[in-house]
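Reader: Hello! I am new to this structure and would love a close look at one part of it. Could you walk me through it step by step?

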Amino acid sequence: MRTGMIAFIFAELFVLYQLTAQTAYAPLHPLIAKEIGLTLLQSGVVSASFLISYGLFQIPGGLLLDRLGLRVLFPIGVLCSALSIFLFSRSTTMLELIACRACLGCACSFSFAGLGVIAQRVFSPAGFAIAIGLGDSALGIGGAIGEFGVDILGEQMGWRLTILVTALIGVPLAIGCAWSLRGQFFGPIRATNISNTNSETLTITRQIQSVLKKREVILAALIYGGTCGMVMGFGGFWNIPLQEAWGWTPRQSVILNSVFFIGTAIGAPIFGMLSARLGAKILLIVGLVISILSYMFDLMFPPQWIMTNVEDWPLWVDCVTMFIIGFGLGTSILAFPIATRVVAPQMVGLTISIVNFSGIFFAAILQVVPGVIIQGFHDTTLIALQVGHSVFVLGILMAIAATLCLPAHTQPTRA
């Protein structure tokens, strides 16, 4: 158990590292865009290139986790992530930025799935939901560090040196992963015949098909698609331009986005703990309804004519709104225990990757679509940003609809 806990901590640090590197682009993009000459749409494409490759490699990464094990893939993944971040710091063109972000997405593609595999092996079914919630906290904390911490460092050191420092942090983390995952326990699971889904005898296509036949897996993928699309698309890039359009300064906009990620980081483990008692379905409905109502309030109000002076609308009001949106979206982690409870142990990595792929796929779409809509207005006024941001409402509505289709008894087994 002690060995498993140490490994879980290092896996969580890998996820934290990934999100810090991933979201660091949002506060630094004005400096990068000014130096390299990028439009807002081009900046959105650079940001989305991470999510596209991260999503495309989710399923291959999950298959590799199930077949090769964590002890081989995690240290290599961290080192490749650090190398990609280093090369990003040396980039001078848009294509180089896209290539480096895409490589970072590939290297990190199995980080969250690997954390889920460790949690599934180390903790009880009820503990798994809590552990996934803690893993999602790393996403939120990493997002907050990537937003606020990197924004401060960027001002002091410039964007290239800030990214270089981020890359160097990956070296000791890779060593720690190699040390904590060295045991046989973190190798591949020997498959056993369970309902004719032996992963050693099935082809890759048949393995994926056997997982996708489970109704709960499809619904979990749709839930995570809508919620992760909001977290990564809105929080990962588009929230800052929206807040700036409302009249907040760049620093205040970064603070608001950091509070959004903090809300997610706090909400995820709380909902994970509550799921064993209340069930995932009711928690998802409550959390998602709170999030969509708070988001629509932030998107639509106060009307533009009130915002003649940002002092008329205190910053703390928007901070509370951002926290509530992020807190409600913390329920997104319940998609993973919903999906993994219906599959065989040797297919947990693949199942987590499929659900995560859905989230990243929608997140990539929702990082590009607002830019396309805004580009049609030929400006970046508040009204254009409001219309562009309306796509995030559709994502949450999709997640709510999928949640309503879940069986009423959907919840982890008690510890």
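Reader: Let me start with one residue: is F323 buried, exposed or partly exposed, and what is its relative accessible area?

Author: Happy to help! Please keep in mind that this is a predicted model. F323 is partly exposed, with 27% as its relative accessible area. That label fits because partly exposed covers the range between under 20%, which is buried, and over 50%, which is exposed.

F323 has an aromatic partner, F327. The two ring centres are 6.0 Å apart and the planes meet at 20 degrees, so F323 and F327 form a stacked pair. The word stacked applies because the planes are under 30 degrees apart. Both residues belong to helix 14, and because they are 4 residues apart there, about one helical turn separates them. F327 is partly exposed as well, at 24% relative accessibility.

Helix 14 spans residues 315-329 and is also one of the elements that give two or more residues to a nonpolar surface patch, alongside helix 12 (250-278) and helix 13 (280-300). The patch has an area of about 1,000 Å², and its members include W316, V320 and I324. Others among them are I262, I266, I270, M273, L274 and L278, followed by I282, V286 and I290. Helix 12 makes the biggest contribution, giving 6 residues to the patch. One residue to look at here is M273, which lies in helix 12 and counts as partly exposed at 47% relative accessibility.

Now let us turn from the surface to a buried spot. Q243 sits in helix 11, which covers residues 215-246. The relative accessible area of Q243 is 0%, so this residue is buried. Leaving aside residues up to four places away in sequence, Q243 touches W248, S253, L256, D298, D318 and M322.

Helix 11 also carries Y224, which pairs with another ring. By the ring-pair rule, the count comes to 17 aromatic pairs. One of them joins Y224 and F336: their centres are 4.7 Å apart, the angle between the planes is 70 degrees, and the pair is edge-to-face. Because Y224 lies in helix 11 and F336 in helix 15 (residues 335-340), this pair ties together parts that are 112 residues apart in sequence. Y224 is buried, with a relative accessible area of 3%, and F336 is buried too, at 0% relative accessibility. Ring pairs also link F234, F260, F261, Y295 and F392 into a cluster.

For another buried region, try helix 4, residues 58-68, where Q58, I59, G61, G62, L63, L65 and D66 are buried. These buried residues pack against helix 3 (40-56), helix 5 (70-89), helix 7 (111-122), helix 10 (204-212) and helix 16 (348-377). Just after helix 4 comes G69, with a positive phi of about 95 degrees.

Finally, let us step back to the whole chain. The protein chain contains 18 helices and 0 strands. It has 415 residues, and 59% of them count as buried. Of the contacts between residues at least 6 apart in sequence, 86% join residues at least 24 apart. The chain exposes about 16,100 Å², with 71% of that area supplied by carbon and sulfur atoms. So, when you return to the view, you could begin again at F323 and F327, the stacked pair in helix 14.

Key: Residues are numbered from 1 along each chain as its sequence is written. This is a predicted model: local features need pLDDT of at least 70, side-chain atom pairs count only at pLDDT 80 or more; totals for chains, interfaces and linings use all residues. Side-chain values use heavy atoms; hydrogens and water are left out. Buried means under 20% relative accessible area, exposed over 50%, partly exposed in between (1.4 Å probe, protein chains only). Contact means heavy atoms within 4.5 Å. Accessible areas come from the Shrake-Rupley method with a 1.4 Å probe; for residues, only the protein chains shown count as cover. Patches are made of residues with over 30% relative accessible area and no salt bridge: like charges are joined within 9 Å, nonpolar side chains (Val, Leu, Ile, Met, Phe, Trp, Tyr) within 5 Å. A salt bridge is a side-chain nitrogen of Lys or Arg within 4 Å of a carboxyl oxygen of Asp or Glu. Rings of Phe, Tyr and Trp (its six-membered ring) pair if their centres lie within 6.5 Å; planes under 30 degrees apart count as stacked, over 60 as edge-to-face and the rest as tilted.
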